[in-house]
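User: I'm new to this one and would like a close look at a single part of it: the salt bridges. Could you walk me through them and show me where they sit?

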Amino acid sequence: MQKWEYLFVFAAISGEGGEFRPRFANDEELDYWQKGPTMYEYANRLGVSGWELISCHPIVFTQSNWQPLLETQSIASDLRAITMVFKRPKKEEEDSPC
């Protein structure tokens, strides 16, 4: 039976250029992430290493100015981060029980 290993990546907007860059991989912060590869470059590097992107979700922060007496309300949404999940076949020597 095929076994898999997973990599969870959290990408945030860096201050330089406002591009998404991977900040955490499996809950560990990447060194110098703000000047590291863009999300696109990082995903392609993982692909070369056998990782397949299986899920990608935006994290959007929403702010609203709720005004109970008015019919309209102002809502602003801002894409702030992206979570990605990658998988690749697990090597046999790495077999361990859960």
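Analyst: Accessible areas here come from the Shrake-Rupley method with a 1.4 Å probe. On that basis, the protein chain has an accessible surface of about 7600 Å², and 52% of that belongs to carbon and sulfur atoms. Keep in mind that this is a predicted model.

First, a quick bit of orientation. The protein chain has one helix and five strands, and from the N terminus on they run β-β-β-α-β-β. Of its 98 residues, 23% count as buried.

Now for the part you asked about. How many salt bridges does the count come to? It comes to three.

Let's start with Arg 88 and Glu 5, whose closest N and O atoms are 2.7 Å apart. Arg 88 is in strand E5 (residues 74–89) and Glu 5 in strand E1, so this salt bridge ties together parts that are 83 residues apart in sequence. Is each partner buried or partly exposed? The cut-off matters here: buried means under 20% relative accessible area. Glu 5, with 19%, is therefore buried, while Arg 88, at 21%, counts as partly exposed.

Next come Glu 19 and Arg 21, with their closest N and O atoms 3.5 Å apart. Arg 21 is buried, with a relative accessible area of 11%, whereas Glu 19 is partly exposed at 38%.

Arg 21 also leads us to the helix. Its C-alpha atom is 8.0 Å from that of Tyr 42, a residue 21 places away along the chain. Tyr 42 lies in helix H1 (residues 39–48) and is buried, with a relative accessible area of 14%. Leaving out residues up to four places away in sequence, Tyr 42 touches Val 9, Pro 22, Ala 25, Leu 30 and Pro 37.

That leaves the salt bridge between Glu 29 and Arg 23, where the N to O distance is 2.9 Å. Here Glu 29 counts as partly exposed at 42% relative accessibility, and Arg 23 counts as partly exposed at 28%.

One last stop, back at strand E1, where Glu 5 sits. Strand E1 covers residues 4–13 and gives three residues to a nonpolar surface patch, the most of any contributor. Trp 4, Tyr 6, Phe 8 and Ile 54 make up that patch, which has an area of about 400 Å². Tyr 6 has its place in strand E1 and is partly exposed, with a relative accessible area of 39%. As for Trp 4, Lys 87 lies over its face, at 3.8 Å from the ring centre.

Definitions and conventions
Residues numbered from 1 in each chain as written. Predicted model: local features only at pLDDT ≥ 70, side-chain atom pairs only at ≥ 80, totals over all residues. Heavy atoms only, no water. Patch = residues over 30% accessible without salt bridge, like charges linked within 9 Å, V, L, I, M, F, W, Y side chains within 5 Å. Salt bridge = Lys/Arg side-chain N within 4 Å of Asp/Glu carboxyl O. Helix = DSSP H or I, 4+ residues; strand = E, 2+ residues; numbered from the N terminus. Buried < 20%, exposed > 50% of the residue type's maximum accessible area, 1.4 Å probe, protein only. Lys NZ or Arg CZ within 6 Å of the ring centre and 35° of its normal. Contact = heavy atoms within 4.5 Å.
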